[in-house]
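Please examine the sequence and the structure shown below before reading the report. The text then takes up the strands and the helices in turn.

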Amino acid sequence: MSQEIQDSLLLFREIYPEIVEFLEEKKTPKFRIKQIQHAIFKEYITQFSQITTLPKHLREELDEKFNLETFTLIEAHKTSEITKMLFKTFDGQFVECVIIFHNDNRRTLCVSSQIFCAVGCKFCATGATTFKRSLTTKEMVEQLVFAQRYLKNNFEEEVTNIVFMGMGEPLLNFNVVKIALQVYNSQDYFGIGARHITVSTSGVLPKLKEFIQMQEQFRLAISLHAPNNELRSEIMPINRRYPLNDLMAMCDEYVALKNKRVSYEYVLINGINDSLNHAKELVDLMQHRLAHVNLLMYNEHEFSDYTRPKYDTVMNFFNYLKSRGIEVSLRKSMGKDSESACGQLSGHAQKEKDKKNAQQMERSTQAVISY
Ligand code: SF4
């Protein structure tokens, strides 16, 4: 067996160890795994019975023993620009991912890596709800399988780009994210080019170093959101542990190694980080760096008191950066009306669940009292 096939099977084992174990126990030839792999990652099947290349008895046995999918789709919010999907996991948690429909025909899937987030950035809906757990490799894979199936069945299209900008800090689940990156990228699996896959991080430096050293040319985005150390520590607590200077040094290392620019995400928040002074500081920070600044207008949500800046303030900020030669774009907030801030749908679903649990607890407490 060639090294390439062996590596490919190793990846399959990482995602579905129980299936591989079962097939090995039955002494099923290795090419059967390749057939299953092809059916899942190229045809997006939902059940083993759909793999007509497998013997009927094997399909039946597999369907009897294993669920291919652990997610249940709870709801999908659709606008002309995005489709946001909310899933319930096997253990009753909520996860969301978003497909973004760009005008130039790109279809970007924004994936989640954790269920809520422990980093606790002050402006973020995901960080405002208690962190539950990290996603498994299978759950990382399922987000893309669902998205591919949805695009294929409804539009005869496919996901062209991936960004890790959904719920969670991907580098705090890096052992799993590392495998997911390979599965998204490998030609035997989803086959999405590394240059079309972006990992966005708030700056978990030890893991960022590991990410930078991966051999593939994955792209890097930094959740920056403040142009100086003091303000960043105030709105993003992780900065107290991994300060801005060290983060920028690591980004410089990425540029030196990969010869690729870094994207810096900067959400403009009214009265917090949107003044002309902040813009000047940001210019100083970006000067002489291979960088692109993505400005976003803050999306108000019920989990924070921060507000959206006025349009003029945003344009002044944007124009100032541009006039100083910074590569900058003003990203449209996708679907302001459709709960598009990451973690909002899940936040609501979690709130509903907590409410139901509280009511149930109250009922059982009353039952105990009356008993
Ligand atoms: S912005 Fe990212 S890192 Fe910060 S709390 Fe939200 S999900 Fe976590």
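This report describes a sheet, some of its strand pairings, and several helices in a predicted model.

## The sheet as a whole

The strands form an open sheet of ten, arranged in the order β1-β2-β3-β4-β7-β8-β9-β10-β11-β12, and the pairing is mixed. Strands β1 (72-78) and β12 (328-331) stand at the edges; each has a single partner strand, so one side of each is left without a neighbour in the sheet. On average, and with direction ignored, neighbouring strands of this sheet are turned by 20° against each other.

In general, strands of a sheet pair through backbone hydrogen bonds, and the pairing is either parallel or antiparallel. Both kinds appear around β4, which is the subject of the next section.

## Strand β4 and its two partners

On one side, β4 (residues 107-110) is joined to β3 (residues 94-101) by four bridges, and these two strands run antiparallel. Within this pair, I100 has T108 of β4 as its bridge partner. The hairpin of β3 and β4 has five residues between the strands, and N105 takes a positive phi near 75° there.

Strand β4 is also joined to β7 (residues 161-164), here by three bridges, and these strands run parallel. In β7, N161 is the bridge partner of T108, while V163 is the bridge partner of C110. T108 therefore has a bridge partner in each direction: I100 and N161, in a sheet where β4 is placed between β3 and β7.

## A helix across the sheet

Helix α12 (residues 311-323) lies across three strands, namely β10 (262-268), β11 (291-297) and β12. The helix runs at about 160° to β12.

## The packing of α5 and α6

How do helices α5 and α6 pack, and at what angle? Helix α5 (residues 137-155) and helix α6 (residues 174-185) pack at about 35°, with their axes 9 Å apart. The crossing of α5 past α6 is right-handed. From α5, the residues T137, M140, V141 and L144 meet V176, I179, A180, V183 and Y184 of α6. By class, this contact has eight nonpolar residues, one polar residue and no charged residues.

An α-helix has 3.6 residues a turn, so residues three or four places apart point the same way.

## The length and burial of α6

At 1.5 Å a residue, the twelve residues of α6 should span 16 Å, and its end C-alpha atoms are 16 Å apart, which agrees. The buried residues of α6 are F174, V177, A180, L181, V183, Y184 and N185. Among them, A180, V183 and Y184 also meet α5.

Technical notes
Residues are numbered from 1 along each chain as its sequence is written. This is a predicted model: local features need pLDDT of at least 70, side-chain atom pairs count only at pLDDT 80 or more; totals for chains, interfaces and linings use all residues. Axes are lines fitted to C-alpha atoms, for helices over the stretch in contact, and angles run from 0 to 180 degrees between N-to-C directions. A crossing is left-handed if the near helix is turned anticlockwise from the far one by less than a right angle, and right-handed if clockwise. Two residues are in contact if their C-beta atoms, placed from the backbone, lie within 7 Å. Ala, Val, Leu, Ile, Met, Phe, Trp, Tyr, Cys and Pro count as nonpolar, Asp, Glu, Lys and Arg as charged, and the others, Gly among them, as polar. Two strands pair if DSSP finds at least two bridges between them. The expected span of a helix is 1.5 Å times one less than its number of residues. A residue is buried if 20 or more other C-beta atoms lie within 10 Å of its own, exposed if 12 or fewer, and partly exposed in between; C-beta atoms are placed from the backbone.
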